[in-house]
Structures are given as structure tokens and as C-alpha cells.
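Reader: Please walk me through one part of this in detail, after a quick word on the whole.

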Amino acid sequence: MKSMANTKNISIVVLCVSLVIVVLSVVFTTSLTRKLALEEQRKMEIWAEATRQFILADENTDIDFVTSIIEGNNTIPVYMVDADGQLLISRNAAVQMPPIEELNGPIEVKINDEITQYIYYDESTLLYQLRYIPYFQFALIFLFIVIGIYVIYVSQRSEQNRVWAGLSKETAHQLGTPISSLNAWLELLQTDYKDNNNYISHMRADVDRLQVIADRFSKIGSVPALTPTNVTDVLSQTVAYMQARTSTQIKYTLKAEDTLYAKLNAPLFAWVIENLIKNAIDAMNGVGSITLSAFAKGKTVCVDVTDTGKGIEHRRWKTIFQPGYSTKQRGWGLGLCLSKRIIEDYHRGKLFVHQSQINGGTTFRIILEQAVNS
């Protein structure tokens, strides 16, 4: 949880720093663009006056300086038109003049009392590019943020996976020794107390259950084999197991076709169903009904686990799957998180809250890839 908090804080800091950079860049570039635009306007006013002087010059006028000003403009597109808007000359521009409303100006060039011409100009390439620099910078910073958050997310996810795998395998390893010992003791008991086979069979069932749990934990962290499996059979077995170990005040109902196949790992899938049933029992405080429904939908198989419990607020529909989230005083808050990982990471399916109403019950839905019985 601390690692997730640190990751969130780092992401916020990176985002804030990036936004500050973008804002400062936009402010600076906008100011620079405004100054450059004013500078180009002054240049055009001087260019317009130089053009007027060139037109009015006679054979005795030295036009070298005027000509140098006119020819010195190699960046700003300029258009000179007459009073009727007809293009007279252009410089640094295409022959076809853009619409006047898209250009800057006009700058009046008064030749005499009867003739007045006008100069329009467009932005230079430098000014045009400068206007788009903030957008380019924003795109780069946004890309940097996305890549940074993705790297942090992948790193965090990888770290969580290593923790899950390490914890699960260590749990399986620790369970292995006492299970082996219990099996040996059961063999001795079965030899010495042949008349109490009924008790021994119950003990054997519990030891076998411990072995199943150890096997489940050992599969976390490795890629489990997914095979076409009858979902209804797994649900039926799981319901039977849970029904024998929960209060008679819990009513179980299973609604499913006899043959409904999906690609899954039966032990891990049964673990998920058990977790959802236990979660439902806690939500109902040990009194109520649990309905399991399985049905085909397109190329998928949907499994709904519905209870009549206290319900979940809509804003917590995603929060409940986070590690450590629990409404119980005792509990690590790992059941739903582990279940979601098993379904989505190992089975490439989905697990989510399909619907819930306060004091009206909750439905969790699992979506799996449908398979053909081989």
C-alpha cells in the first residue's frame, strides 16, 4: 500500500511539474511571438515607405538605400494591391494571393492625391513556427507524462506480481510440511483405529482440502494451464463444499445449463467462486440467499454471484478490488483483489460488480472465454 501511495505521489509531482513547464513555456512563447509580430509590423511600415519612395523616385534620386530596404525583406510575404484590390506585386509569396481577411494590414501607400495603394503581409515562417512551439512542447510533455506513468505502472504492477508470487509460493511451501506430516499420522491412525474410519475419513477430507489450498497458492505467479472445463460442474462442486461448511440460514441456488464449457483452470476458478461466496456471506451477516447463475453470451460464458446483502455504494465498485480494502474488522482485504487477478491476469477474463443496491444485494459478474468440449 505504501508503494502504491508513493507511486501516486510521484505521478502527481510529475504531472504538476509538467504543467508548470507547459504554462511557463506558453507564457514565454506568447510574449516572444507578440514582440516578433510587432517587429514585423514595424518592418512592413518601413518597407511600405521604402516602396513609396522607390515609386516616386526620379532619375536624379539615389535609390540604393531604398532598394536595399526593399530587397532586404526575404522572410515576410508581402502583397501590394491597388484601390480595387487587384494584386500589383508580391514578394516572398505565391502568385495567388490569399483572401485579404487572412492577412495583416492594410498599410496605406499614398503615391499622390489620386493614387493610393495598399500593402498586406502575412506572418513570416519563423513567426508561424513560433506560434506552434507551445503545442509541440505540450505534445512532447504529454507523451513524456504518458510514458512516465506507464513505466511507473508497469514497475508497480511487476513489483506487486513478485510480492503476490513470493507470498503465495512461500505459503504453499510452508503448508507442505504439516500436510505431509498429517498424511503420515492419518496412515497410522487408520492402521491402529480401524473401527473409527468415519472420523478418519472426515480428517482425510480436511487434509485433502489443505492440499488443494496449497496447490492453489503454488499456482500463483506461474502461468496456469487453461483447459475446456464444464463451468456448471465446478460451480456445483463449489456450492456443495461451501453449503456443507456454512450456516443453514444461507440458502444456495444454482441456475446453469448442464453443459457450459469455458477455458479455465478449475482449482483457481473454484477459489474465486469460494471468495465471492464468502464475501456474500459477510455482506449478509450470515443470513440470506446466494444465487449462482451461469449462461452463454455470444462467445463468452457469464457467471453471476448474487447475494441479498447490504450492497455496495457505486463509488466503491472499483475500490473494493484494491489490495487491503476491507469492511471487516478482521481481514486483510485480499480476497477480491486476488480473485480479480486470477480471472483477469490468468484467465484473460473480467470480474466486476455488475449491479448493487444499498440494502438490496450485490451481483458480481465473471466473464470467461467460451470453449468447445474436446
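How much accessible surface does the protein chain have, and what share of that belongs to carbon and sulfur atoms? Then zoom in on histidine 347: where is this residue found, is histidine 347 buried or exposed, and which residues does histidine 347 touch?

Author: Happy to. Keep in mind that this is a predicted model, where local features need pLDDT of at least 70, side-chain atom pairs count only at pLDDT 80 or more, and totals for chains, interfaces and linings use all residues. Numbering runs from 1 along each chain as its sequence is written, and side-chain values use heavy atoms, with hydrogens and water left out.

The whole chain, then. Its accessible surface comes to about 23,000 Å² (Shrake-Rupley, 1.4 Å probe), and carbon and sulfur atoms own 57% of that. There are 374 residues, 33% of which count as buried (under 20% relative accessible area). The chain has 7 helices and 11 strands (DSSP runs of H or I with at least four residues, and of E with at least two). Take the contacts (heavy atoms within 4.5 Å) with a separation of 6 or more: 66% of them join residues 24 or more positions apart.

Now for your histidine. Histidine 347 sits in the loop between helix H7 (335-346) and strand S10 (350-357). Its relative accessible area is 3%, so histidine 347 is buried. Leaving aside residues up to four places away in sequence, histidine 347 touches Leu226, Lys263, Leu264, Asn265, Leu268, Phe269, Ile342 and Leu368.

The residue right after the histidine tells another story. Arginine 348 lies in the loop between H7 and S10 too, but at 63% relative accessible area arginine 348 is exposed (over 50%). Its phi is near 55°, a positive value in a residue that isn't glycine. Most residues other than glycine have a negative phi.

Several of those histidine partners turn up again where two helices pack. Leu268, Phe269 and Ile342, which histidine 347 touches, are among the residues that make the contact of H6 with H7. The axes of H6 and H7 (lines fitted to C-alpha atoms over the stretch in contact) come within 9 Å and cross at roughly 145°, on a 0 to 180 degrees scale between N-to-C directions. H6 brings Leu268, Phe269, Trp271, Val272, Asn275, Leu276 and Asn279 to that contact, while H7 brings Gly335, Leu336, Leu338, Ser339, Ile342, Ile343 and Tyr346. Sorted by type, that gives 10 nonpolar residues (Ala, Val, Leu, Ile, Met, Phe, Trp, Tyr, Cys and Pro), no charged ones (Asp, Glu, Lys and Arg) and 4 polar ones (the others, Gly among them).

H6 (residues 266-283) has another helix to deal with as well: its axis and that of H5 (residues 231-243) come within 10 Å and cross at roughly 50°. Here Phe269 shows up again, alongside Ala266, Ala270, Ile273, Glu274, Ile277 and Lys278 of H6, and these meet Val231, Val234, Leu235, Thr238, Tyr241 and Met242 in H5. This set divides into 10 nonpolar, 1 polar and 2 charged.

Follow H6 onward and you reach asparagine 285, in the loop between H6 and strand S8 (288-297). Asparagine 285 has a positive phi of about 55° without being a glycine, and at 67% relative accessibility asparagine 285 counts as exposed.

One last backbone detail: the peptide bond from glycine 105 to proline 106 is cis, with omega near 5°. That proline is found in strand S3 (residues 104-110).

Technical notes: Buried means under 20% relative accessible area, exposed over 50%, partly exposed in between (1.4 Å probe, protein chains only).
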